[in-house]
Amino acid sequence: REFEAVYVLPVRALQADRYDSLREATLATAIVNECSGIAPANYDYCRAHVHETLKHPTTLLLLDGLDEDGQTDISEKLLREAYHGKHKLLLLSRAYGIQKARSLKGV
């Protein structure tokens, strides 16, 4: 089976300093923030599109660097959003970082 969308997101992108009053802390925002070259006029459209694709099991979200998580409230919220979405999820971590994934409820 093929995926219609694949997003690769470094876990370090889930840190609180990446968000402000104009950019709410959601997975869709984090994904769009990591894209380069998005014109400001297209930002909201891209974020809405990503948000919609995350509702489908034909979307793969790859979170890279779970061992790099700074464990802020923002990252915890976004990790939980990633775990409980309808999309498929692949977590990448160095072996010593796997305890972080296991410690989160619902995994």
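The side chains of Thr-26 and Thr-29 make a polar contact with each other at 2.9 Å. The model in which this contact appears is a predicted one. The points below cover the start of helix α1, the nonpolar core, His-87, the salt bridges and one patch on the surface.

**Thr-26 and helix α1**

- Thr-26 sits in the loop that runs between β1 and α1.
- With a relative accessibility of 16%, Thr-26 counts as buried, because buried means under 20% relative accessible area.
- Helix α1 is mostly covered, as six of its eight residues are buried.
- Those buried residues are Leu-27, Ala-28, Thr-29, Ala-30, Ile-31 and Val-32.
- Thr-29, the partner of Thr-26 in the polar contact, is therefore a buried residue of α1.

**The nonpolar core**

- In soluble globular proteins, nonpolar side chains tend to be buried together.
- The largest nonpolar core here has 21 residues, and Leu-9 and Leu-61 touch the most other members.
- Two or more residues of this core come from each of β1, α1 (27–34), α2 (43–53), β2 (59–64) and α3.
- Helix α1 gives the most to the core, with five residues.
- Leaving aside neighbours within four places in sequence, Leu-61 is in contact with Tyr-7, Leu-9, Leu-27, Ile-31, Ala-82, His-87, Lys-88, Leu-89 and Leu-90.
- Leu-9 and Leu-91 are 82 residues apart along the chain, and their C-alpha atoms are separated by 9.9 Å.
- Leu-91 lies in strand β3 and is partly exposed, with a relative accessible area of 26%.
- A core member must be buried, so Leu-91, at 26%, does not meet the limit of under 20%.

**His-87**

- His-87 is found in the loop between α3 (73–84) and β3 (88–92).
- This histidine, His-87, is buried, with a relative accessible area of 7%.
- The side chain of His-87 reaches two backbone oxygens: that of Leu-54 at 3.1 Å and that of Ala-82 at 3.0 Å.
- Not counting residues up to four places away in sequence, His-87 touches Leu-27, Leu-54, His-56, Pro-57, Thr-59, Leu-61, Glu-81 and Ala-82.
- Leu-61 thus appears among the contacts of His-87, and His-87 among those of Leu-61.

**Salt bridges**

- Side chains of opposite charge can pair when their charged atoms come close.
- The structure holds two salt bridges.
- One of them joins the side chains of Asp-44 and Arg-47, with an N to O distance of 3.2 Å.
- Asp-44 and Arg-47 are three residues apart in helix α2, so about one helical turn separates them.
- An α-helix has 3.6 residues a turn, so residues three or four places apart point the same way.
- Arg-47 counts as buried, at 15% relative accessibility.
- Another salt bridge links Glu-52 with Lys-55, where the closest N and O atoms are 3.4 Å apart.
- Glu-52 is partly exposed, with a relative accessible area of 39%, and Lys-55 is also partly exposed, at 41% relative accessibility.

**A surface patch**

- Phe-3, Val-6 and Val-8 make a nonpolar patch of about 280 Å² on the surface.
- One of these residues, Val-6, lies in strand β1, which spans residues 5–10.
- Strand β1 is also among the elements that give two or more residues to the largest nonpolar core.

How values were computed: Residues are numbered from 1 along each chain as its sequence is written. This is a predicted model: local features need pLDDT of at least 70, side-chain atom pairs count only at pLDDT 80 or more; totals for chains, interfaces and linings use all residues. Side-chain values use heavy atoms; hydrogens and water are left out. Patches are made of residues with over 30% relative accessible area and no salt bridge: like charges are joined within 9 Å, nonpolar side chains (Val, Leu, Ile, Met, Phe, Trp, Tyr) within 5 Å. Accessible areas come from the Shrake-Rupley method with a 1.4 Å probe; for residues, only the protein chains shown count as cover. A salt bridge is a side-chain nitrogen of Lys or Arg within 4 Å of a carboxyl oxygen of Asp or Glu. Helices (H or I, at least four residues) and strands (E, at least two) are DSSP runs, numbered from the N terminus. Buried means under 20% relative accessible area, exposed over 50%, partly exposed in between (1.4 Å probe, protein chains only). A polar contact is a pair of N or O atoms within 3.5 Å; within protein, one must be able to donate a hydrogen and the other to accept it, and residues adjacent in sequence count only if both atoms are side-chain atoms. Contact means heavy atoms within 4.5 Å. A nonpolar core is a set of buried Ala, Val, Leu, Ile, Met, Phe, Trp, Tyr and Cys residues joined through side-chain atoms within 4.5 Å.
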